[in-house]
Amino acid sequence: RHWLLSHRPRDRSAEADFPVGAMSDGNELSRRELERQIQELRRDKVRLDDSIRRMEATQKRIFGEEERQKLMAMQEKKENGDKDEDGEKE
């Protein structure tokens, strides 16, 4: 009984207003439009991934330079920490 309910014939009264050729053309246009949108989204994704990689590389370079500068400043301070402004030990 359940199988009969789920496999009832479809009501085709709404389809009768459109010729079969027009329906398939509409479906073809919709399919091509969806494929075009999918391709656009894939291109956008590739561009975004490239942008993210470039930004991450820039971030590493910038923060790497900052870290190097901090380390160099700490080393200089350590080396010069025992000397006063004239370069003599206190």
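Buried means under 20% relative accessible area, exposed over 50%, and partly exposed in between (1.4 Å probe, protein chains only). The model is predicted: local features need pLDDT of at least 70, side-chain atom pairs count only at pLDDT 80 or more, and totals for chains, interfaces and linings use all residues. Residues are numbered from 1 along each chain as its sequence is written, and side-chain values use heavy atoms, without hydrogens and water.

**Exercise 1.** State how many helices and strands the chain has, and what share of it is buried.

*Solution.* Start with the elements. Helices (H or I, at least four residues) and strands (E, at least two) are DSSP runs, numbered from the N terminus. The chain has two helices and zero strands. Now the burial. Of the 90 residues, 0% are buried.

**Exercise 2.** Classify D49 and K45 by exposure, then describe the link between their side chains.

*Solution.* D49 has a relative accessible area of 29%, so D49 is partly exposed. K45 reaches 53%, so K45 is exposed. Next, the link. A salt bridge puts a side-chain nitrogen of Lys or Arg within 4 Å of a carboxyl oxygen of Asp or Glu. D49 and K45 form one, at 3.2 Å from N to O. Last, the spacing. The two residues lie four apart in helix 2, so about one helical turn separates them.

**Exercise 3.** Find the N–O distance for E33 and R36, and give their spacing in helix 2.

*Solution.* The closest N and O atoms of this salt bridge are 2.4 Å apart. E33 and R36 are three residues apart in helix 2, so about one helical turn separates them. Check exposure. E33 is partly exposed at 33%, and R36 is partly exposed at 38%.
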